[in-house]
Amino acid sequence: MVKTFDADNFDVLFKKVVNQVNQNPQYICNPRGSKVKELIAPTLVLRNPRARLLNIRARKADYGFAVGEFLWYWNGRKDLESLLYYNKRAAQFSNDGKTVNSAYGYRLGLDESFNTGDKPHPHDQWGTIKQELLKDNDSRRAVGIIYDSSDLFEATWQGVSKDVPCTLNLQFFIRNNRLILHTHMRSNDIVWGLTYDLFSFTLLQEAMCLELNAAGLPGLELGEYIHTAGSLHLYEQHFKMADEIVDETSSNKFQKAEKMERLTLKGLALLSEQEELLRTGKVKQIDTAQ
């Protein structure tokens with residue numbers, strides 16, 4: 001039976017999902033030799049996407065990495081070097097030692113080379129999604145495709161891909177003057193993957209809302225974030241952590257988790273500039289007062 005989980009904040013949503021998968025998995029299997037507890041095709045609904053932060057000590061989320069990864073997406077990057085600054089393990093997923101295959105921002109066309117301003121580029125999915133929603137507020141076609149048939153072909157037949165994208169697509173809807181994002185994953189690890197995927201994708205949702213505000217829909221508000229995974233799973237090494245997460249989140253303090261402040265396009269641009277200065281050693285810390 002397909003499961004649906006919903007909550008106002010990520011702490012409560014995370015606890016619900018972890019508890020279900022750990023205590024009542026649909027399957028226990030060993031894909032590529034790694035034991036997992038698994039649910040098939042569950043859907044998670046975060047009613048307030050700005051409540052995207054985990055405050056669970058047992059999980060110990062690294063939001064330095066989370067911000068770095070999001071900005072790597074937001075700036076349309078695919079290079080390995082800038083991601084290594086935040087996560088040395090990224091090298092394990094590079095086929096050529098120079099680039100990363102699961103470069104979601106690059107695949108969505110957020111690389112500035114695809115946005116020339118004078119003529120639409122077919123690879124600029126982000127700009128096309130925005131234009132589609134501006135033309136038809138009720139559109140069902142505003143989909144950004146991330147997964148490609150060549151990803152599986154190269155991994156299965158050629159054995160050359162160490163990184164088959166976990167994300168299939170992002171679909172945006174405008175309903176009741178609110179921007180909804182539905183992300184569809186082929187596979188999602190709860191501890192390593194969901195923690196940071198939800199953070200980045202809800203920020204992309206908020207950024208799209210801001211761009212639509214600026215382009216002609218000033219009253220558009222942020223709607224819920226919806227996340228569906230073909231396989232939502234928990235690795236064996238995280239079974240004990242799962243018990244600790246549920247024990248810790250039994251208190252009522254997680255019913256009102258802290259929300260992030262609203263984004264601005266100007267703030268995003270400034271943060272991107274300062275992140276590059278920090279990563280390249282030109283400054284020692286980011287000035288958050290600006």
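Angles between helix axes under 35 degrees count as roughly parallel, over 145 as roughly antiparallel, 65 to 115 as roughly perpendicular, and the rest as oblique. Keep that in mind for this predicted model, where local features need pLDDT of at least 70, side-chain atom pairs count only at pLDDT 80 or more, and totals for chains, interfaces and linings use all residues. Residues are numbered from 1 along each chain as its sequence is written, and side-chain values use heavy atoms, leaving out hydrogens and water.

Let's start with a helix pair. Helix 2 (residues 63-74) packs against helix 7 (residues 190-215) at about 45°, and their axes lie 10 Å apart. Here axes are lines fitted to C-alpha atoms over the stretch in contact, with angles from 0 to 180 degrees between N-to-C directions; helices are DSSP runs (H or I, at least four residues), as are strands (E, at least two), numbered from the N terminus. Helix 2 and helix 7 are therefore oblique to each other.

Who meets whom? From helix 2, the residues in contact (heavy atoms within 4.5 Å) are Tyr63, Phe65, Ala66, Val67, Glu69, Phe70, Tyr73 and Trp74. Their partners in helix 7 are Thr195, Tyr196, Phe199, Ser200, Leu203, Leu204, Ala207 and Glu211.

Now hop over to strand 8, where you'll find Ile226. Ile226 touches Thr43, Leu44, Val45, Ile180, Leu181, His182 and Thr183, leaving aside residues up to four places away in sequence. With Thr183, the C-alpha atoms are separated by 6.3 Å, although the two residues are 43 residues apart along the chain.
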